[in-house]
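This report goes through one protein chain, from its core to its strands and its ring contacts. The sequence and the model are shown first.

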Amino acid sequence: MSQGSQDISQQFIGGGVIPGQLVGQEAVSKTYVDGQNAALDADISNVAASAAAAQGAINTHEASPTAHSAAAITYSGAVAASNVRQAIDQTNQRVSTIVTGAGASNTEILDARQPATGAPFPLLGARLNNVDAQLVETAEQLTGVVNIEQYKRLPLEVTDDGRFNRAIQSLSRGTIMIPDSVVYEVTSPIRINKQYIGLMGTGFSKIKNIGNKDTIMIETDDLSVIPFFAYLFGLDLEGNSISGHGVKVSYAYNVTIENLFIHDHGLDGVHSVHGMNSTIINSRFDRNRHGFQLTAIDNGHRSTTWTLLNCYCGTNRQAGGVMSGGDSNCLIKCLFEGNTNGGLYVTNDEVNPTLTNCYFEFNTGYSLNIDSGNSGSVVGGRFADENVNAHINLGNSTGWMINGTWHSTNSIGGTGVNITKSYVSGGNDVVVGCQLFGATPIGGRAGNVSVIDAKGIIDRFRFTTGEDIRITGQGKGIIMNSDDGLHNYRVHIADGAWVLTEI
């Protein structure tokens, strides 16, 4: 029995005050008191045990060298840290850096927090982190390759020209990849109006023009910043057969168009107005007005030094290609087939054009119609069967050299070479070393070479059948070293001062 219970027992039993209700009931009063004492004893024991446990925990915590580590205490504050330990370490490092590099004044640090525009950063480190992020983004834009699928249509957009133009404007330079899993539709031009921008597809990546404007435009809004090194690769550009060019190049340099299929446009597949030093490689032009047209604004703004290599111009509604008022443009190994109004049309005083090893067949009209061109050359190449009308027409041109071409028989008629009112500026054209097979039109024979009101030199021609050379009208020239394989000239000179000679 505890001391407290004994004291209470003595008060009730050992002569102390006994409650009135217990007088004469000694046995009952003892049972009651014992019960009360037992309950108090239990409560006191519980309290004592709790106190002892608490004291033990306090003693253990005080004695431990790692009572609460800083790493175990969470932190949320101005320093970028998740616990007290990280916050202390980062603060110490920042203070050490400031103390070491501040120089004579902390004003320099305060200035460094302030960007060129906008509010100051709370910490110098925050501004540096922001600059790092901007540098990464800029590096991606400068040398980046992005996918057009990164740029989504805006909520009200129903075509894709907007997303293409946003992608172009987001790049300082770089390439936009175009997958072939989607047909992209445009109603307004995709505009490349800056430098070093490319659109690259897989060869089957299709952009379909459902509007009435050009599909792609490479041009500038500011003549002081002319686009150059624009690059188009592996695209299928489909027009609407009503209006618009496939690619229009205006005031742009060093454009490369490679592996493009441009078809069904109302205007030209590629149309250049003052594009310069540019190349079209391994591309095909079908069912456009013209496959391509290299033209000029005026004498000071010509399409200059274009090269077309391994290109195909077929089934276009007018001439397969047009060279109009340009300068020093060159076609190499190009095929003109089945075009409605001739293979290639040279006009508007085109200067110094060159055709090398080109092939013409199944064209209606002149295969090569040189209506107005100066100082050009045709080297090699073949003019095959089924071309309608003359293979080559030299009209109102000056200073052309035709060298080493092969001419098969025309199916409907005409001549191999038709020289009409040429050399109006007083220059001399030269036709050298070509092999012609006789043209046999319906109802009679015609000459392989027809010369009308022209002057020049015809040298080293080899003929097979037909009246080889027929000269009419006013003009003068020399025909030399030309024969039918047996050194027998078959030349008819109706008018003019032409001379036959053999050297």
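## Nonpolar core

The largest nonpolar core has 55 residues, of which Ile218, Val247, Phe292, Leu331 and Leu344 touch the most other members. A second, separate core of six residues includes Val451, Ile458, Ile469 and Trp498. The model is a predicted one.

What surrounds Leu344, apart from its neighbours within four places in sequence? Leu344 is in contact with Phe292, Gly321, Val322, Met323, Leu331, Phe336, Leu355, Phe360, Ser367, Leu368 and Asn369. Two of these partners, Phe292 and Leu331, are themselves among the five core residues named above.

## Overall figures

The protein has 503 residues, and 41% of them count as buried. Its secondary structure comes to six helices and 40 strands. Among contacts between residues at least 6 apart in sequence, 57% join residues at least 24 apart. The accessible surface is about 24400 Å², and carbon and sulfur atoms account for 55% of it.

## Aromatic rings

The structure holds eight aromatic pairs. In one of them, the rings of Phe292 and Phe336 have planes at 55 degrees and centres 6.4 Å apart, so the pair is tilted. This pair links distant parts of the chain, with Phe292 in strand 14 and Phe336 in strand 20 (residues 335-337), 44 residues apart. Phe292 counts as buried at 1% relative accessibility, and Phe336 is buried with a relative accessible area of 0%.

In another pair, the rings of Phe360 and Phe383 have their planes at 0 degrees and their centres 4.8 Å apart, so that pair is stacked. It too links distant parts of the chain: Phe360 belongs to strand 24 (residues 359-361) and Phe383 to strand 28 (residues 382-383), 23 residues apart. Phe360 is buried, with a relative accessible area of 1%, and for Phe383, also buried, the value is 1%.

Ring pairs link Phe292, Phe336, Phe360 and Phe383 into a cluster. Three residues of this cluster, Phe292, Phe336 and Phe360, also appear in the contacts of Leu344.

A ring contact of another kind involves a charge: the charged end of Arg173 sits over the ring of Tyr196, 4.4 Å from its centre.

## Helix 6 and the strands around strand 5

Helix 6 spans residues 161-170, and its buried residues are Asp161, Gly162, Arg163, Phe164, Ala167 and Ile168. Which strands help to cover the buried residues of helix 6? The cover includes strand 2 (174-177), strand 3 (183-186), strand 4 (190-192) and strand 5 (197-209).

Strand 5 also takes part in several strand pairings. The table gives three of them.

| Strands | Sense | Bridges | A pair of opposite residues |
|---|---|---|---|
| Strand 2 and strand 5 | parallel | four | Ile176 and Leu199 |
| Strand 3 and strand 5 | parallel | four | Tyr184 and Ile207 |
| Strand 5 and strand 7 (residues 231-238) | parallel | seven | Lys208 and Glu238 |

Strand 2 and strand 3 therefore appear both in the cover of the buried residues of helix 6 and in pairings with strand 5, where contact for the cover means heavy atoms within 4.5 Å.

## Two threonines

Thr295 lies in strand 14 (residues 292-298), the strand that also holds Phe292. Is Thr295 buried or exposed? At 11% relative accessibility, Thr295 counts as buried, because the limit for buried is under 20%. Leaving aside neighbours within four places in sequence, Thr295 is in contact with His271, Ser272, Val273, His274, Arg302, Ser303 and Ser324.

Thr279 lies in strand 12 (residues 279-281). With 23% relative accessibility, Thr279 counts as partly exposed, because the value is not under the 20% that buried requires. Beyond its neighbours within four places in sequence, Thr279 is in contact with Val255, Thr256, Ile257, Trp306 and Thr307. Thr279 and Cys330 are 51 residues apart in sequence, and their C-alpha atoms are 9.6 Å apart in space.

Conventions:
Residues numbered from 1 in each chain as written. Predicted model: local features only at pLDDT ≥ 70, side-chain atom pairs only at ≥ 80, totals over all residues. Heavy atoms only, no water. Helix = DSSP H or I, 4+ residues; strand = E, 2+ residues; numbered from the N terminus. Buried < 20%, exposed > 50% of the residue type's maximum accessible area, 1.4 Å probe, protein only. Areas by Shrake-Rupley, 256 points an atom, 1.4 Å probe, with all protein chains shown as cover. Pairing = 2+ DSSP bridges. Core = buried A, V, L, I, M, F, W, Y, C linked by side-chain atoms within 4.5 Å. Phe/Tyr/Trp six-rings, centres within 6.5 Å; stacked < 30°, edge-to-face > 60°. Lys NZ or Arg CZ within 6 Å of the ring centre and 35° of its normal.
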